[in-house]
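Hi there,

Here is the structure I promised to send over. Please have it open while you read, and my notes follow below.

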Amino acid sequence: DDDDDDDDDTTTTEIYALQGNYVIDLNSFSSIIREVAMCRACEVGSLELFDSGQKESCATFLILRCNSCHYSRSFWSVSGTFGKSSVSVSASKIRMRNDMVYSSILGGRLIGIGLEKLSLYHATLNIPSPPSRYIFSSAERDILVGADQVA
């Protein structure tokens with residue numbers, strides 16, 4: 001009987017803590033935030049997510065703003081820097097930029113591509129260009145030295 005198949009429609013989904021970096025559609029994410037998140041300052045308004053237009057490598061400076069009291073909170077999409085002093089933000093941006101550069105270069109080297117193909121890959125994904133040839137070569141050397149020390 002075909003109706004028996006519909007009775008056993010329970011699915012168990014395991015939930016894991018988020019770790020690492022994800023590529024997500026910010027429009028979809030923003031609409032979900034608007035629907036479910038409430039402002040902690042006024043406890044009335046809903047929150048909206050905005051792109052400030054500021055970018056550092058693959059990270060974007062985002063702003064959460066209440067549509068009622070206009071409270072806002074800004075943060076980098078990668079580093080998680082919330083409300084820190086400008087010195088901390090600058091240091092965090094440098095660390096984040098270095099992490100993104102090394103991750104991009106390491107990822108490229110792991111799949112066997114160099115700077116030219118990595119640049120094409122970044123352009124295809126519409127993300128900021130990888131570093132200059134000099135920085136690429138320097139970071140590549142650092143990665144190789146680290147790999148030799150581990151091996």
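Strand 2, residues 59-66, is largely enclosed by the rest of the structure, because six of its eight residues are buried. Do keep in mind that this is a predicted model. Strand 2 pairs with strand 3 (residues 72-76) through five bridges, and the two run antiparallel. If you want a register marker, Leu64 sits opposite Arg73 of strand 3. The two strands make a hairpin with five residues between them, and in that turn His70 has a positive phi of about 65°. As a general reminder, side chains in a regular strand alternate between the two faces of the sheet.

Stepping back to the whole chain, there are five helices and three strands. Read from the N terminus, the order of elements is α-α-β-β-β-α-α-α. The protein chain has 151 residues, and 23% of them are buried. Its exposed surface comes to about 11300 Å², with carbon and sulfur atoms supplying 52% of that. As for contacts between residues at least 6 apart in sequence, 27% join residues at least 24 apart.

Now the cysteines, which I looked at with some care. How many disulfides does a search of the whole structure find? The search comes back with zero. Cys39 is in no disulfide, and the nearest cysteine sulfur to its own belongs to Cys66, 3.7 Å away. Cys39 is buried, because its relative accessible area is 1%, which falls under the 20% cut-off. Why is Cys66 not bonded to Cys42, the residue with the closest cysteine sulfur? The two sulfurs are 3.7 Å apart, and that is too far for a bond, because a disulfide needs them within 2.5 Å. Cys66 is buried as well, at 1% relative accessibility.

Next, the salt bridges, of which the count is two. One of them joins Arg34 and Glu48, with 3.7 Å between the closest N and O atoms. This pair links distant parts of the chain, since Arg34 belongs to helix 2 and Glu48 to strand 1 (residues 47-56), 14 residues apart. Arg34 is partly exposed, with a relative accessible area of 37%, and Glu48 also counts as partly exposed, at 23%.

In the other bridge, the side chains of Glu140 and Arg109 meet at 2.8 Å, N to O. Here too distant parts of the chain are linked: Glu140 is in helix 5 and Arg109 in helix 3, with their positions 31 residues apart in sequence. Is Glu140 buried or exposed? It is buried, because its relative accessible area of 19% is under the 20% cut-off. Arg109, at 41% relative accessibility, counts as partly exposed.

Helix 3 has another residue I would like you to look at. Ser104 lies in this helix, which covers residues 86-110, and it is buried, with a relative accessible area of 14%. Leaving aside residues up to four places away in sequence, Ser104 touches Leu118 and His122.

A second serine makes a nice contrast. Ser129 is in the loop between helix 4 (115-125) and helix 5 (133-150). With a relative accessible area of 63%, Ser129 is exposed, because that value is over the 50% cut-off. Ser129 and Leu115 are 14 residues apart in sequence, while their C-alpha atoms are 9.8 Å apart in space.

Finally, a word on the surface. Which residues form a nonpolar patch there? They are Tyr22, Ile24, Leu26 and Phe29, and together they have about 380 Å² of accessible area. Phe29 is in helix 2, residues 26-36. At 38% relative accessibility, Phe29 counts as partly exposed, because that value lies between the cut-offs of 20% and 50%.

Those are my notes, and I would be glad to hear your thoughts once you have had a look.

Best wishes

Key:
Residues numbered from 1 in each chain as written. Predicted model: local features only at pLDDT ≥ 70, side-chain atom pairs only at ≥ 80, totals over all residues. Heavy atoms only, no water. Patch = residues over 30% accessible without salt bridge, like charges linked within 9 Å, V, L, I, M, F, W, Y side chains within 5 Å. Areas by Shrake-Rupley, 256 points an atom, 1.4 Å probe, with all protein chains shown as cover. Salt bridge = Lys/Arg side-chain N within 4 Å of Asp/Glu carboxyl O. Helix = DSSP H or I, 4+ residues; strand = E, 2+ residues; numbered from the N terminus. Buried < 20%, exposed > 50% of the residue type's maximum accessible area, 1.4 Å probe, protein only. Contact = heavy atoms within 4.5 Å. Pairing = 2+ DSSP bridges.
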